[in-house]
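User: Hey, I'm new to this one. Can you walk me through it?
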Amino acid sequence: MGILAVLALPLLLFGISGIIYIYQTVRWLLSKSAVQNKVVVITDATSGLGKECSRVFHAGGARLVLCGRTWEKLETLYDALINVADPSMTYAPKLIFLDISDINCIRDVAKEILNCYGCVDILINNASMKVKGAVQSISLELDKKIMDANYFGPITLTKAILPNMISRRTGQIVLINSIQGKIGIPFRAAYAASKHAAVGFFDCLRAEMEEFDISVSTVNPTFICSYHRQPAPGNWEASIWKFFFRKAAYGLHPVEVAEEVLRTVSSKKQEVLLANPIPRVAVYIRTFFPELFFAIVASGIREKLKTEEES
Ligand SMILES: NC(=O)c1ccc[n+]([C@@H]2O[C@H](COP(=O)([O-])OP(=O)(O)OC[C@H]3O[C@@H](n4cnc5c(N)ncnc54)[C@H](OP(=O)(O)O)[C@@H]3O)[C@@H](O)[C@H]2O)c1
């Protein structure tokens, strides 16, 4: 009886872990099969997240159209994909040059994309430009360029691909956005404004496309980190912190975000927020107690400026 009581908890934990593992494996396999043979377009396929999305969709048997603005990087990605995957189970990706901030060219690029396979099943709007700085230090030209890359670019491409999806009454549009499309973070005004604009557009589009069976999803990560800084050798405290709180301190790895994008496509989930508890709570505070949110952000800035002055 005594031994049974001692073993009960580990056995229970072992059983629960096994069930979770099997559930996640089955979900993962179902997600992969959902994209098999589908024509998937990924903009900025060469970014940290774009590369990983290319890898998971390619491994899932999707017919990829990879877009990017640096041809050499696209070719390197192409080689990496075809060298790793089993050619009998995957398709060689098509490559398309696309600078998402060059609005005048996007319609022609959309034609090129459609010529690849004659249709698009899934469009992943991943391309985006980042900028950091105080409002008065960012020129209006740069504000406009950010708006072109993060708002006008993705919506122009989406509008050009939509008639094909509408005529086939099927399709999926995914916007890789950011938590900064939900809350404004100081010194990121242009980026946050463009991400707010994009989420507003795609939220409206979702409702309008329902009658055509076209789904629209937005994926909002907080912080994606493509590398993991190692604590100094012998720094056990940092190692333990990293082990337990890696996501909070170092951000999500692009592989984790890419796998979430695949699950989002497979489940046709409308909105995904990839955030730790603190930013998640911040989104709720911004919605329900805006004055409290503004006060917390302002005091954070005062504290930052004071520390900078002192040092
Ligand atoms: N990183 C994060 O913490 C984070 C957090 C939330 C959301 N996101 C979102 O996740 C997506 C991917 O970001 P990431 O962090 O993976 O990117 P990243 O690794 O930082 O790479 C930046 C990319 O932007 C590309 N780029 C810049 N201007 C462009 C333009 N005009 N046209 C086409 N491509 C352009 C660059 O292409 P070249 O290398 O060819 O110049 C580069 O591949 C973005 O939508 C971003 O907003 C990222």
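Analyst: Sure, we'll go through the sheet and then some helix packing, keeping in mind that this is a predicted model.

User: What order do the strands of the open sheet have?
Analyst: The order is β3-β2-β1-β4-β5-β6-β7, so to speak a row of seven strands with parallel pairing.

User: Which ones are the edge strands?
Analyst: Those are β3 (94-97) and β7 (271-274), each pairing on one side only. On average, neighbouring strands in this sheet are turned by 15° against each other, direction ignored.

User: And how many bridges join β5 to β6?
Analyst: Six bridges link β5 (residues 171-176) with β6 (residues 214-221), and the two run parallel. Ile173 stands opposite Val216 in β6.

User: What does α5 touch on the sheet?
Analyst: α5 packs on the sheet and touches β4 (122-125), β5 and β6. Its direction makes about 170° with that of β4.

User: Switching to helices: at what angle do α4 and α5 cross?
Analyst: The axes of α4 (residues 103-117) and α5 (residues 140-168) cross at roughly 40° and come within 9 Å. That angle makes α4 oblique to α5. The crossing is right-handed.

User: Which residues make the contact?
Analyst: From α4, they are Ile103, Ile106, Arg107, Ala110 and Leu114. On the α5 side, they include Phe152, Gly153, Leu157 and Ile161.

User: What's the mix by class?
Analyst: The contact of α4 with α5 has eight nonpolar, three polar and two charged residues.

Terms used
Residues are numbered from 1 along each chain as its sequence is written. This is a predicted model: local features need pLDDT of at least 70, side-chain atom pairs count only at pLDDT 80 or more; totals for chains, interfaces and linings use all residues. Axes are lines fitted to C-alpha atoms, for helices over the stretch in contact, and angles run from 0 to 180 degrees between N-to-C directions. Helices (H or I, at least four residues) and strands (E, at least two) are DSSP runs, numbered from the N terminus. Angles under 35 degrees count as roughly parallel, over 145 as roughly antiparallel, 65 to 115 as roughly perpendicular and the rest as oblique. A crossing is left-handed if the near helix is turned anticlockwise from the far one by less than a right angle, and right-handed if clockwise. Two residues are in contact if their C-beta atoms, placed from the backbone, lie within 7 Å. Ala, Val, Leu, Ile, Met, Phe, Trp, Tyr, Cys and Pro count as nonpolar, Asp, Glu, Lys and Arg as charged, and the others, Gly among them, as polar. Two strands pair if DSSP finds at least two bridges between them.
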